[in-house]
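Me: I would like a close look at one part of this model, the place where two of its chains meet. Please take me through it step by step.

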Amino acid sequence: MNYFIKRVLEIIPVLFIISFIVFVLVFVAGDPVALLLPEDAPEEAVETLRTSLGLDDPFYVQYGRYVVNMLQGDFGDSFRYGQDAMSLVLERLPATLELAIASILVAIMIAIPLGIWSSTKKNSSIDLVATGAAVLGKAMPNFWLGIMLILLFSVTLDMLPVSGRGSFSHLILPAITLGTGIAAEMTRLIRSSMLETLSQDYIRTAKSKGLRTGIVVYKHAFRNTLVPVVTIIALQTSTLIGGTLITETVFAWPGIGQLLIQAVNTRDMAIVQACVMVIAFFVIVMNLIADLLYQVLDPRIRYK
Amino acid sequence: DKDSEGDAEDTNPGKAETGDENDRTLTIAIGADMVTFDVHDHINTSTEAIHVNMFNYLVKRDNETGEIVPDLAESFENIDDYTWEFKLKEGVTFHNGDELTSADVKYSLERVAYGEELRDYTNYNQIKEVEIIDDYTFRIITHEPEPVLLNRISRIASGILPSKYIEENGFDHFLENPIGTGPFQFVEWVRDDRIVFEVYDDYFGGKNPDWDKLVFRIIPENSTRVSELLTGGVDIAVNVPPADWERVENHEGTYLAQETSNRTLMIFLRSTEGYPTSDQRVREALDLAIDNGAIVESLLGGAGVPTITRVAPGNFGFAEHLYDTYNYDPERAKELLEEAGYPDGFEMTFHSPRGRYLQDAEIAEMVAGMWAQIGVTANIEFMEWSNFVELRNAKENKDAYLLGLGNSMFDAANALDYYSATRFEGETDYRNDELEELLAAAMSNMDPKERSEQYVRAQEIIAEDVAHIVLHQESINIGVSERINYTPTMDEMIYVETITKK
Amino acid sequence: MNDILLEVKQLKTYFFTEDGIVPAVDDVSFNIHKGETVAIVGESGSGKSVTSLSIMRLIEEPGKIVGGEINFEGINLNKVPRMKMREIRGNRIAMVFQEPLTSLNPVFTVGNQLAESIKLHQKKSKKEAREIGIEMLRKVGIARPDKVYDQYPHALSGGMRQRVMIAMALSCSPKLLIADEPTTALDVTIQAQILRLMRDLIKELDTSILLITHDLGVVAEMADTVVVMYGGQVVEKADVFTLFKEPKHPYTKGLMDSSPKIHEWNEELVSIPGTVPSPFEFPIGCKFADRCPHVMNKCKEEIPSLIEIRKGQEVRCWLHSEKVVDLE
Amino acid sequence: MSQLLEVKGLKKSFDVTRGLIKRKKQYLHAVNDVSFSVQKGEVLGIVGESGCGKSTLGNLIIQLLEPTEGEIIFDGVDLRKLPPEQLRKKREDIQMVFQDPFSSLNPRKRVFDIIAEPLKTHGSYNKVELEHEVLQLMDVVGLNRSYLNRYPHEFSGGQRQRIGIARAIALKPKLIICDEPVSALDVSIQSQILNLLKKLQKELQLTYIFIAHGLPAVKHVSDRIAVMYLGKIVELTTKENLFTNPMHPYTEGLLSAIPIPDPTARKDERRLLEGDIPNPVNPPTGCAFHTRCPYKTELCERVEPEFTEKRDGHFTACHHPLKEGKGIISQHEKY
Amino acid sequence: MPDSLPMQNNLVKNSKWKRWLKLLLRSKTGTVGLLIVLTIVFVAIFAPWLAPYEHSVIDPLNTHKPPFWMEGGDMANVLGTDNLGRDILSRIIYGSQVSLLVGISSVVLAGVIGVLVGLFAGYFGGFLDAFFMRLADSFLAIPNILLALVMLGVFGPGLMTLILVLGVTNWVQYARIIRGEVLSIKERDFVRAAKTIGVKNRNIIFSHLYPNVISSFIVVATLSVASTIILESSLSFLGLGIQPPQVSWGTILSDGRDYLATSWWLATFPGLAITIAVLGIIFLGDWLRDVMDPRSVK
Ligand SMILES: Nc1ncnc2c1ncn2[C@@H]1O[C@H](COP(=O)(O)OP(=O)(O)OP(=O)(O)O)[C@@H](O)[C@H]1O
Ligand SMILES: Nc1ncnc2c1ncn2[C@@H]1O[C@H](COP(=O)(O)OP(=O)(O)OP(=O)(O)O)[C@@H](O)[C@H]1O
Ligand SMILES: [Mg+2]
Ligand SMILES: [Mg+2]
């Protein structure tokens, strides 16, 4: 079968499984009626609301209804905001994407030079420091780093705005916060795949042609590590989006993360479902794009 | 280096908001997003704190005198035990230009009085009907004699909505594009980010002289909110945690504004048969074990008043001799435990919300620590607010839980309502027949003096019974920029009208 | 034939591994004259590749050339600055590797890789380099070279790739071509084609070849002079006719006897017993002592030196050393 | 001699449709209509260039691959018709020696476990018997008994191949398929293994299908040799016939491509095959070899030659079989 | 053939452990990593004996005491006290118990699920494989922390729930890795050899595939103990981590975050503990990766 179509078709069962997982969670979470009504609402009111929301139906009926609605693009209304959950989520998506992309760029800017550098100087003190730095980047919890960056760059040095979304400068600190952790992972991966590549025969060939080390490393070796790098970026999308949950909270960044955390706290399950679906869809699409990119990056890869 | 300084200036619009051109914008950082513009469907103080700037009540409480004074109303009058007559100010307009009439009042009050599904229903269902006399005159008729009607309609859910606008466009449209009669009109609400208002030129109280624009920014993380204040990103930051008071106070350009709130932190104990806490001696012992003063000192930086009653000064029915004092006697507590048959203490479960009240989790941990000293092991279970609410609704709470309650009516009726047997049946199961009678009598007693005495007596009974352990009255702690004058009010509302430029 | 192009003198290349020192190349000397084809034969691990990489100065950590000289056109390659060495590599000395699949970078087109050294060493523009590249491809017998020029290596067959490698190596008309087992990975029919191609090209370009192989058939077809290596040392060195007629070292003999003779019908193959030991397990004396049918006590104790037993034939073996004869 | 294995019309095609844009399905006919039989005690050599389908053929016979078409009659039963459990039992009788001595031994198992595995799977031995058997097998293939507890990585290629052989003969199989058992080895080791295989065959009356790249190795062990080209057998005869009187031009080219280890015998006039093996996905029409054949005619381009017995026991698929005496060994050289 | 073969023959004489030790001592980072990890494990096991105080004992009169070297600090609370007057050193020592417990148990749980799924899906392929891989894709598409957040939000936080949740969210990565390895190993000749011998599938999976994939599992598992410790701290930040009176590094860190500007030691020391632990585990993991690399075993 045509590979691309096959990959796209594969998304469908995946989204279904995800919807199922989330729905089960929501179902188990119990009903939100209690939160919808005043604390001392009469029993009948509770019952009426339950019935009107269809919460009395058996699981499969509820799930079926959910799926049917979902297929029509209806993820239900947010209890908290009384609005269509999906449009609330989509409203916020650009902010999260902006942060995510900026973080990836930060990560790339840190990881590529650092990874290549430490791979060419394997086991030197530079390598050790770079590895240490990378590990450190991974070891620092996002929220701690974020708060520290605010204290340093905003409060003490008064260089950058503290929080919120707006101009480019607002993006810097959150992007660094989030980017560092990803950079750590990326650096380590680039280093190891560079090491792998550098030991390949064609590198020896390139050297035997009398090419400068720079060309050998950046042209011949690095080009070949792009496939793993793209893979890791794609795989990191998930971690990245996860990281935005924390980073957005610290920086009061008005993205999906904030919405989602609030939604979980307030049992606003329509939003939780819509959020998870959107995020999952995004992650899947990123991975699909990565898959297609492989072909561009590595002419050997032609899918069956 | 020069470059970077230059950069910093023009890449710092957060700062720029306090710059010249933004001089007329007031930015307030709050911890949680507003819930809704449906004034009747929330029980959320911080949401109301925003609403008060775009809606008005018929009457309002004067924060200095504690008296209830007219707002939208020109005057009001108690006709009989069941009826109040109001006259509206003339020429009050909604933000769309429509004039306020009795019809708007009828629509607003009856919506909540009849709307069972609305969260504020129980505080308004005492109203039987709003009877329109003419465009500016109407009567509020209650089911029973209602001594606290004025208090009821000067708080959450008392905002008057534009009935014509809503009828024409539907309520959903109103929620998206709300209008009111207040000094500021709605511009946009970017959820979880900001709510923006601009000044309303035709405000019946006169256009605000200082501010053209009002921005509420939602910044959930405490340290971020404080940092924004310190760097000048916002003018006001609410809920500054005690750890940062000194920073805010000592920082050039900011100060800390404090006020005691109308909120009291309490520990609710199960009086249900079978729980150790059903024994009054045990409850008293638990109370005696807690050093309220130490909590206020070490966790709240001294801001907060230890108390034995939850009715605070300024409220109708305040019992002064129970206020600003506490019982602490661990030795006696141990004796009481022994008398009650727990010489070696016992183990109990203690639920606490986290992040809801000032230092709530810390307080819970400290209380548990103090109980440990008298041999009682309290296993704390922290809960997210929604889970906590659910737990209580399901009446699955165990021996004790921590709860802070405010009193937006500023009347003991609202506060002591919590001790009637029906209110907490299955949840705390506290019951005292004498108290029942007292409360019932007070409920519809139209004689203020007698009513007040009844409430004071009720508080004494509650204290003796240790129905709940009362910890302290909370403080409101707000970080403010030096460029403005702001004094917080006990009701936790943020009246921008009272905020002026220096 | 007397002008020496490359002179390898007592080359020693050791690997300082975590397990100890591996003397991969231990005292290897040989000369390559202009236009001459020298073959190095020996079993896996005997140090053939390391010798050739030493010449290119492509030995990497933990390896190191610890002794000897490599004189190429009068310059000691071991001493020239790196810049200069890069000018020689790919230009004066070129190399073809064993694995044509892995020796080409999979993510660049054939042309890209081919043009690289042309642009670098001949200072040609991209367009000129393309023309030269296509011409080179045609020379190595690739049909439709302009199309292949723009293809990626994976689209080519093994034989084609090896032709590309050869085209790449010869594109700057090097004086010396080092071919490290250039045909081992290929099928017999393709191998025959490649060998013929190489022979034709060197004749045309007057290039010397250092051919590394373990196939005596290939040696017999290609080489003028043969260097037999075992355990990092040269054990025998002779011109090809002498060597095949009268191999002196027991290892050389064993090697010859053990390869299947396609022209004969003998049933049992003669084989050298045992296997090549690991670098750390070589006997103290003659490295071949453990497997040698003629082993003597002396062999186990002392390393024989390479002795010229007749003009053009040198052997490292106590059997052919005067001293041994004396002892007897 | 009785017939042990008969392969009839065996075919295997792989789906190799590729590319992003939908295209016609493409199949690679790795083994394309192959028929032959093997007698008990015989060694059948199979040679051919890389990718011509030798390993696929071996894997089909040993049931590692499912044939697309055809029959494999082993010892009188069609293996393809056997239910799984019976097939598993039947495996006792067919074993395989693999090309790569590195990947064919589980790096995490000791020599003992490796050699004992077939015994444990098909027999019931107690510990002592098992050890005894294994040690005997080690003796047979020339492995030092003290290696019993070592791991594969502690051995050289030749030794590993001996372990592999010991494993293959452990069950005294009726047929052993050797898939290029010596190509990965050094010359000096190759001959050791070839001798060993030959010796075992004689001593244990084994039947081999011996797959190899090159003729030299095959020549030493085989009785008959099949030459494969692009998934088909193009010539099948005794080894004497093949080397002295090849009938297929491809065989001729194969023979003349072998480098001769004798510098005095360098001859440049050797007839070398031109060009590469065609892409097996789109094989040439007619005779698949016509693109490289020096004798091709228009007929060859059109009509696929049939694989038939041209002389006594000498099969070939060629429209223009060669005359006698085109081999590299002349008749009289034969002893 | 790899040139390194003969060289490796030499290693034969050493036993596996000796060889590991040798490789360990050779790797500076590996040694450091192992030492750190051993220290933490030791501290966790002997916490009650090592900690100067019980971790939850509060002292309202002694809050925010700085570490001993600062003014106002003393040796009674070496690393100072927190906002409730609890000894930070003791809390960190006790915190190591829960942090390690969460890290290790959730990884073990995830590992058991993941390895089994990976082995069977990879070996049998077909529908089983397709199903599990779609399931895996689904889990991969939901960020770990998000799934954990929702699940903890639903089931309520707590040690056991946390372990279960992290286990359930993490099995996928093992399943994928193991499956990938299985796919390549099952094409290796020794597996084919086992098939030609007639070894039953179950035995092929457990005696041929399993020993060959377990080393990659150990490497990844080691590293994910580190990520789990970090994840736990993030969940603590969201209030969904370990609940008091139990204490983990994550809870100390996130409790202290409000005091970063005023009493920095509250959050810095647990942060340091996490960093060092993660560093140690990653170093150890990297070393294990080297040691267990089949290429270095071959
Ligand atoms: N990077 C290295 N580290 C350690 N030892 C090495 C390294 N490269 C080569 N060696 C050792 O050097 C010796 C010679 O290796 P070399 O590659 O020259 O052999 P070869 O004769 O070319 O073998 P082959 O026929 O397999 O190519 C071997 O013992 C090998 O183990
Ligand atoms: N699983 C597979 N899928 C697709 N094509 C395959 C597969 N296995 C083998 N082939 C193709 O089938 C053809 C025959 O392969 P096979 O391995 O049998 O060749 P061979 O003669 O053994 O080659 P070699 O000498 O290199 O081992 C080749 O073109 C190969 O690419
Ligand atoms: Mg080599
Ligand atoms: Mg094969």
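**Where chain D meets chain C**

Reply: Between chain D and chain C the count of salt bridges is 0. Keep in mind that the model is a predicted one, and that the count comes from its atoms. For a salt bridge, a side-chain nitrogen of Lys or Arg has to lie within 4 Å of a carboxyl oxygen of Asp or Glu, so a charged residue at the contact does not make one by itself.

Polar contacts are another matter. Across the interface of chain D and chain C, 13 residue pairs are in polar contact, with both residues at pLDDT 80 or more.

Now look at the side of chain D that touches chain C. Four elements of chain D each give two or more residues to that side: helix 6 (187-204), helix 7 (215-221), helix 8 (239-244) and helix 9 (249-257). Helix 6 of chain D has the largest share, with 9 residues. Sorted by class, this side of chain D holds 19 nonpolar, 11 polar and 16 charged residues. Those 16 charged residues on the side of chain D stand beside a count of 0 salt bridges between chain D and chain C.

The extent of the contact can be given in residues or in area. In residues, chain D brings 46 and chain C brings 46. For area, there is a common habit: the size of an interface is often given as the accessible area lost when the parts come together. Between chain D and chain C, about 4100 Å² is buried, and carbon and sulfur atoms give 56% of this area. Within chain D, the residues that lose the most area to chain C are Val187(D), His220(D) and Arg266(D), which together make up 15% of what that side buries.

These residues can be placed on the elements listed above. Val187(D) has the number at which helix 6 (187-204) begins, and His220(D) has a number within helix 7 (215-221).

To put the picture together: the contact takes 46 residues from chain D and 46 residues from chain C, and about 4100 Å² is buried between the two chains. On the side of chain D, helix 6 gives the largest share of residues. Across the interface there are 13 residue pairs in polar contact, while the count of salt bridges is 0.

Methods:
Residues numbered from 1 in each chain as written. Chains lettered and ligands numbered in written order. Predicted model: local features only at pLDDT ≥ 70, side-chain atom pairs only at ≥ 80, totals over all residues. Heavy atoms only, no water. Contact = heavy atoms within 4.5 Å. Buried area = accessible area lost by both parts, 1.4 Å probe. Polar contact = N/O pair within 3.5 Å; in protein donor to acceptor, adjacent residues only side chain to side chain. Nonpolar A, V, L, I, M, F, W, Y, C, P; charged D, E, K, R; others polar.
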